[in-house]
Amino acid sequence: MNIPKYWAKSVQSAQTIQGKTVQFTAWQWSDTSPEDARYKAESRARQLAQKLLSGQALNRYFYGERPPREEILDRIVNGAGKEIALITRNAYGAQVLNAANAMFIDIDFPDSANTTPRRGLFRKPSPVVSHEEAAVQKVRLWAAGRPDLGIRVYRTFGGLRCLVTSHLFHPADRDALAILQALESDPLYIRLCQAQACFRARLTAKPWRMGIKPPPFGCVYPWETPSAETTFRGWEKTYQQSSQQYAACHYLVHLGPGSVHPEIEPILKWHDNTACSRQNLPLA
């Protein structure tokens, strides 16, 4: 899994041939030490400055081309003590499960369907329910052609989430990519999985769906000052209290073989206990 333990920032200045001073900010990472991350950040910032002075085009990072800067909260290990998943906090404060080989599949509904379905005995079915049923049926039809795979299907706020429970995959595997594409998983999700060398599943609610603003500007991990972290921790406390009243997903159905791979079992347990332990909670 490409989820760095240490991050560092470097700011370098360079002067163009027109005499204009330009600053470059570079974030780099390391699993070795903070010092190693700092060295890499300084080297990267100097490299950008040198490219500008020599007239070379600068490379811009886009979503999914580098690991995101996320605080590591916890880890899941297998029976041999090997790390098989990490729990991180993403840029807007939600907890995320990052699994090395347990394949989560993210499927979005059309934008017109991205609202929570209405429930009730005397209510007419809403268009959202039709989107849900159609999406589940697509997964059922695909799964019928892969009877070897066990798949759990969940309802999220804006679509479906699937977890393959019977087999291990790696995001770079051709078979994994074929499955993700066949089930029309979000292309941005696929890119991020490949960049991080793991599959991802959000465990807690998005703050704005609970009426909470994202973390204050400048308070995203890694914090550059103690006051920035203090401000974030205050926001985090409010977020955690509110998120207890919401679910990230609801379990719908299990398709295929019911047995769960031993490496996936602890990940499945953590996911269901955190993301959908109470089916009656609203999705967010």
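The following legends describe close-up views of a predicted model.

**View 1. Surroundings of N98 in strand β5.**
Residue N98 belongs to strand β5, which spans residues 95-99. N98 has a relative accessible area of 0% and is therefore classed as buried. Beyond its neighbours within four places in sequence, N98 is in contact with M1, I3 and E70, with the residues I84, A85, L86, I87 and T88, and with Q196, C198, F199 and R200.

**View 2. Polar contacts of the N98 side chain.**
The side chain of N98 reaches two partners shown here, the backbone oxygen of V96 and the side chain of R200. The distance to the backbone oxygen of V96 is 3.3 Å. The polar contact between the side chains of N98 and R200 is 2.7 Å. R200 is also listed among the residues in contact with N98.

**View 3. The salt bridge between R75 and E83.**
The structure holds 12 salt bridges; one of them joins R75 to E83. In this pair the closest N and O atoms lie 3.7 Å apart. R75 has a relative accessible area of 46% and so counts as partly exposed. E83, with a relative accessibility of 32%, is likewise partly exposed.

**View 4. The salt bridge between E236 and R89.**
E236 and R89 form a salt bridge whose closest N and O atoms are 2.9 Å apart. This pair links distant parts of the chain, for E236 lies in helix α5 (residues 226-243) and R89 in strand β4 (residues 83-89), with their positions 147 residues apart in the numbering. E236 is classed as buried because its relative accessibility is 9%, under the cut-off of 20%. R89, at 4% relative accessibility, also counts as buried.

**View 5. The salt bridge between R233 and E236 within helix α5.**
A salt bridge connects R233 with E236, the closest N and O atoms being 2.9 Å apart. Both residues lie in helix α5, where R233 and E236 are 3 residues apart, about one turn of the helix. R233 has a relative accessibility of 28% and therefore counts as partly exposed, whereas E236 is buried at 9%.

**View 6. A network of salt bridges.**
E71, R89, E229, R233 and E236 are linked in a network of salt bridges. Within this network, E236 pairs with R89 and also with R233. Among the members of the network, R89 is buried and R233 is partly exposed.

Note on methods:
Residues are numbered from 1 along each chain as its sequence is written. This is a predicted model: local features need pLDDT of at least 70, side-chain atom pairs count only at pLDDT 80 or more; totals for chains, interfaces and linings use all residues. Side-chain values use heavy atoms; hydrogens and water are left out. Helices (H or I, at least four residues) and strands (E, at least two) are DSSP runs, numbered from the N terminus. Buried means under 20% relative accessible area, exposed over 50%, partly exposed in between (1.4 Å probe, protein chains only). A polar contact is a pair of N or O atoms within 3.5 Å; within protein, one must be able to donate a hydrogen and the other to accept it, and residues adjacent in sequence count only if both atoms are side-chain atoms. Contact means heavy atoms within 4.5 Å. A salt bridge is a side-chain nitrogen of Lys or Arg within 4 Å of a carboxyl oxygen of Asp or Glu.
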